[in-house]
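The exercises below are meant to be worked with the sequence and the coordinates side by side. Each begins with a task, and a solution then follows step by step.

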Amino acid sequence: MDNNWFFGDFHIHSRFSRACSTNITIENLVKWAKIKGINLLGTGDFTHPQWLKEIKEKLVEKNGFYYYEDFPFIITGEVSLIYTQERGRRIHLVLLVPNLEIADKINVYFDTKGRRDYDGRPIFKIPGDEFVRDMMKISKAIEIIPAHIWTPWFGIFGSMSGFDSLKECFKEELENIHAIETGMSSDPEMNWRIAELKDKAIVSFSDAHSFWPFRLGREATIFEKTDSYPGIVEQIRKKTFIATIETDPAYGKYHWDGHRGCNFSCSPEESKKLNGICPICKKPLVIGVDNRVEQLASNEKGFKPENGKPFYKLLPLHELLALVLDSSMESKGVWKEYNSLLEMFGNEFNILLDVSREEFLGKKVDEKIIDVILRNRKEQIKVKPGYDGEYGKALAELKNSENFLLHTHECLRGDKQGKLF
Ligand SMILES: [Zn+2]
Ligand SMILES: [Zn+2]
């Protein structure tokens with residue numbers, strides 16, 4: 001791994017966001033970012049009065065980076081815009097903010113539109129184009145990134161309440177949008193198929209709701225090392241950042257079509273044969289990301305633009321250890337192995353990306369664990385696709401086995417353990 005690499009995860013949430021772990025404090029975020037190998041975090045939730053107060057009390061500013069001891073943050077948050085444009089629209093946008101003075105100005109603006117104290121990700125009734133225009137009036141250095149753009153309900157391209165193009169949403173303000181976030185259920189390759197994204201940076205962040213290392217940094221963007229907010233935003237706008245870390249898109253919660261309640265999921269091809277109707281309850285399926293990309297794509301599968309960034313497709317280390325030990329990610333055994341690997345090799349990204357077979361063997365790491373880590377690098381871990389809010393599930397079988405091909409081309413109707421029947 002290059003010394004110049006700088007791992008950034010900017011889309012996270014504080015304990016003041018709904019469905020978030022109550023122990024997300026600044027101190028815990030720093031602790032787990034270091035364990036994961038993240039070099040720069042977003043604060044998340046700068047719109048929330050209490051979280052903002054903590055940020056102001058605990059962090060010290062230099063060049064738009066805000067330090068807790070030696071660890072830097074940038075000021076970030078997420079808003080949900082819910083409004084009518086022909087039909088109901090719901091989009092989530094991540095905001096990168098140059099400094100706390102500008103964060104305060106944005107909050108003054110939000111206070112003219114509604115409340116921001118009930119959730120770390122507040123909702124406003126502001127159309128996308130108007131919102132971008134108003135932000136640019138506050139500061140051109142604010143970076144607005146459409147979040148997890150493919151998720152059915154809150155993605156800008158989502159099947160339920162999104163748009164068919166960025167232009168439809170942002171209109172004349174589209175030139176002020178420089179990047180989109182893939183979300184877990186899609187990867188850059190899927191996004192390359194959308195002609196409109198040709199000039200946009202494709203970035204990845206975790207959208208973590210807890211700080212455990214299988215959440216925080218599960219997706220991230222690798223930048224060239226910098227010590228300033230402008231240094232980060234310039235790499236996004238000029239697309240000079242290095243790469244992204246992705247999970248297998250099947251691991252995301254909305255990759256395939258399906259119904260969680262009916263325990264039914266299927267591929268886009270299969271969904272077409274079913275006319276989008278659930279065979280169990282006979283109601284329309286929740287259309288997932290894979291299907292939606294297919295609907296909007298104008299480039300062939302496998303198309304790679306000249307300026308496409310490299311990306312790593314990796315499952316978190318806890319997933320791998322849970323596979324080897326055949327137990328849950330939170331089990332004592334998994335934590336024991338995790339901690340012992342950390343002690344030997346420093347941080348998780350180093351273990352996932354960099355440590356060689358010989359180095360593992362030198363420290364007497366179990367062969368099965370070495371094998372699964374190396375297979376992860378080659379994208380050989382099979383994942384049962386997630387759907388309708390249910391995470392995808394790493395499976396012990398090899399991805400390149402004949403079995404896998406068979407399974408991915410038929411409907412998966414499985415139990416919660418991912419066993420097929
Ligand atoms: Zn969101
Ligand atoms: Zn159903």
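## Exercise 1: Positive phi outside glycine

Aspartate 326 lies in the loop between α10 (317-325) and α11 (332-345). The model is a predicted one, and the task is to describe the backbone and the accessibility of aspartate 326, and then to do likewise for lysine 282.

Solution. Begin with the backbone: aspartate 326 is not a glycine, yet its phi is positive, at about 55°. Next take accessibility, where the cut-off for an exposed residue is over 50%; aspartate 326 has 71% relative accessibility and therefore counts as exposed. Turning to lysine 282, one finds this residue in the loop between α8 (268-273) and α9 (289-296). Phi of lysine 282 is near 65°, again a positive value in a residue other than glycine, and with a relative accessibility of 60% lysine 282 counts as exposed.

## Exercise 2: A loop residue and its surroundings

Establish where isoleucine 142 is found, and whether it counts as buried or exposed.

Solution. The first step is to place isoleucine 142, which is found in the loop between α4 (128-138) and β8 (143-146). The second step is accessibility: the value is 1%, so isoleucine 142 counts as buried. The third step is to list the partners of isoleucine 142 beyond four places in sequence, which are Leu96, Pro98, Ile102, Ile106, Met135, Met136, Tyr229 and Arg237. As a last step, take the C-alpha distance from isoleucine 142 to proline 279, which is 46 Å for a separation of 137 residues in sequence.

## Exercise 3: The nonpolar cores

Which residues have the most contacts inside the largest nonpolar core?

Solution. The background is that nonpolar side chains tend to be buried together in soluble globular proteins. Here the largest nonpolar core has 106 residues, and Phe131 and Ile144 are those with the most contacts inside it. To see the surroundings of isoleucine 144, set aside residues up to four places away in sequence; isoleucine 144 then touches Leu93, Val94, Leu95, Phe131, Val132, Met135, Met136, Ile177 and Ala179. A second, separate core has 19 residues, including Leu40, Ile74 and Tyr229.

## Exercise 4: Helix pairs

Classify the packing of α1 with α2, of α2 with α3 and of α10 with α14, using angle and axis distance.

Solution. Start with helix α1 (residues 26-36), which packs against α2 at an angle of about 70° with the axes 11 Å apart; this makes α1 roughly perpendicular to α2. Ile26, Glu27 and Leu29 of α1 make the contact with Trp51, Glu54, Ile55 and Lys58 of α2, a set with four nonpolar, no polar and three charged residues.

Continue with helix α2 (residues 49-58) and helix α3 (residues 100-111), whose axes are 12 Å apart at an angle of about 165°, which makes α2 roughly antiparallel to α3. The crossing of α2 past α3 is left-handed. Leu52, Ile55 and Lys56 in α2 meet Leu100, Asp104 and Asn107 in α3, and the residues of this contact divide into three nonpolar, one polar and two charged.

Finish with α10 and helix α14 (residues 367-377), whose axes come within 10 Å and cross at roughly 135°; the two helices are therefore oblique to each other. Here α10 passes α14 in a right-handed crossing. The contact joins Leu317, Leu320, Leu321, Leu323 and Val324 of α10 to Lys368, Ile369, Val372, Ile373 and Asn376 of α14, which by class are eight nonpolar, one polar and one charged.

Definitions and conventions
Residues numbered from 1 in each chain as written. Chains lettered and ligands numbered in written order. Predicted model: local features only at pLDDT ≥ 70, side-chain atom pairs only at ≥ 80, totals over all residues. Heavy atoms only, no water. Axes fitted to C-alpha atoms, helices over the stretch in contact; angles between N-to-C directions. Helix = DSSP H or I, 4+ residues; strand = E, 2+ residues; numbered from the N terminus. Parallel < 35°, antiparallel > 145°, perpendicular 65-115°, else oblique. Left-handed = near helix turned anticlockwise from the far one by under 90°. Contact = heavy atoms within 4.5 Å. Nonpolar A, V, L, I, M, F, W, Y, C, P; charged D, E, K, R; others polar. Core = buried A, V, L, I, M, F, W, Y, C linked by side-chain atoms within 4.5 Å. Buried < 20%, exposed > 50% of the residue type's maximum accessible area, 1.4 Å probe, protein only.
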